[in-house]
Amino acid sequence: MDKLIPQLEALLAQWKTLDPYFESRAYREDGLAKAKAAHPAVMTAYQGAVAGIGELDAALSEYQRARNAAQITALNKAGHAAEANLVDAMQKADHFTTAVMEDKAEEADRLLPGLVAATAKVREAEAAMASDAKNKSEFSSIADRLDSMVGSWRDYKQSKSDYERESIVDDYNRAIEEMGDVELPA
């Protein structure tokens with residue numbers, strides 16, 4: 001964040017300068033001269049902000065992945081294998097989705113068997129739960145989302161349709177939302 005904030009402030013400064021210019025349509029009087037003169041500084045500020053956001057995203061992903069690995073270990077140690085399997089499956093889905101979005105088909109293919117196996121463990125855990133277990137429906141829903149991701153990947157490999165790639169991301173995001181409803185042990 002410390003690197004990103006100055007980048008965003010630089011972009012905001014450019015916007016504050018140019019916003020009244022565009023809102024008042026002053027560009028009509030000078031033939032966009034002020035905008036053209038500001039363009040290099042705006043692009044530099046914009047590219048810096050995008051790079052800073054990318055660095056923040058990478059740092060947050062690294063932190064989250066390390067936290068999840070520690071959580072999986074703690075859940076297993078405490079005898080909560082079902083919940084550990086669920087977190088593990090989501091971790092594998094995270095890596096898989098990242099590979100898909102970065103157009104790393106070979107890596108996605110390499111990660112796919114691990115995601116399939118982790119999803120199967122979630123399904124097994126869900127099947128072993130009592131019908132009124134507090135997380136049963138969430139386990140089922142999340143496993144459905146993960147299976148749908150796998151199916152969309154297989155469809156994408158055949159069709160190369162961006163729709164299928166977007167479906168993977170949509171299902172992953174929905175699985176993340178559903179994880180928010182899972183009651184994990186303390």
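**Exercise 1. Aromatic pairs**

State how many aromatic pairs this predicted model contains, then classify the pair of Y21 and F22.

Solution. The count comes to five aromatic pairs, in a structure that is a predicted model. For Y21 and F22, begin with the distance: the ring centres lie 5.1 Å apart. Next take the planes, which stand at 75 degrees to each other. Planes over 60 degrees apart count as edge-to-face, so the pair of Y21 and F22 is edge-to-face.

**Exercise 2. A cluster of rings**

Determine how the ring of Y27 is paired with F22, and say which residues make up the cluster.

Solution. F22 and Y27 are 5.5 Å apart, centre to centre, with 40 degrees between their planes, and this aromatic pair is tilted. Ring pairs thus join Y21, F22 and Y27 into a cluster. Now consider accessibility for each member. Y21 has 5% relative accessibility and counts as buried, because buried means under 20%. F22, at 37%, counts as partly exposed. Y27, at 23%, also counts as partly exposed.

**Exercise 3. Positive phi angles**

Locate R25 and L32, and give the phi value of each.

Solution. R25 sits in the loop between α1 (4–23) and α2 (27–30). Its phi is near 60 degrees, a positive value in a residue other than glycine. With a relative accessible area of 43%, R25 is partly exposed. L32 belongs to the loop between α2 and α3. Its phi is positive, about 70 degrees, although L32 is not a glycine. At 33% relative accessibility, L32 counts as partly exposed.

**Exercise 4. Two helices side by side**

Describe how helix α6 packs with helix α7, and which classes of residue form their contact.

Solution. Helix α6 covers residues 136–159 and helix α7 covers residues 162–179. Their axes are 8 Å apart, at an angle of about 170 degrees. An angle over 145 degrees counts as roughly antiparallel, so α6 is roughly antiparallel to α7. On the α6 side the contact includes I142, L146, M149 and W153, and on the α7 side the residues include I168, Y172 and A175. Sorted by class, the contact has nine nonpolar, five polar and eight charged residues.

**Exercise 5. The nonpolar core**

Give the number of residues in the largest nonpolar core, and find which helix gives the most to this core.

Solution. The largest nonpolar core has 32 residues. Inside this core, the residues with the most contacts are F96, I142, L146, M149 and W153. At least two residues each come from α3 (33–77), α4 (81–101), α5 (105–128), α6 and α7. The most come from α4, which gives nine residues. Take L146 as an example of a residue in the core. Apart from its neighbours within four places in sequence, L146 is in contact with A89, M90, A93, T119 and A175.

**Exercise 6. The setting of A143**

Is A143 buried or exposed, and which residues beyond its sequence neighbours does A143 contact?

Solution. First place the residue: A143 is in helix α6. Its relative accessible area is 0%, so A143 is buried. Neighbours within four places in sequence are set aside; A143 is then in contact with T119, V122 and R123. For a distance, compare A143 with K121: the two are 22 residues apart in sequence, and 9.3 Å apart in space from C-alpha to C-alpha.

Definitions and conventions
Residues numbered from 1 in each chain as written. Predicted model: local features only at pLDDT ≥ 70, side-chain atom pairs only at ≥ 80, totals over all residues. Heavy atoms only, no water. Phe/Tyr/Trp six-rings, centres within 6.5 Å; stacked < 30°, edge-to-face > 60°. Buried < 20%, exposed > 50% of the residue type's maximum accessible area, 1.4 Å probe, protein only. Axes fitted to C-alpha atoms, helices over the stretch in contact; angles between N-to-C directions. Helix = DSSP H or I, 4+ residues; strand = E, 2+ residues; numbered from the N terminus. Parallel < 35°, antiparallel > 145°, perpendicular 65-115°, else oblique. Contact = heavy atoms within 4.5 Å. Nonpolar A, V, L, I, M, F, W, Y, C, P; charged D, E, K, R; others polar. Core = buried A, V, L, I, M, F, W, Y, C linked by side-chain atoms within 4.5 Å.
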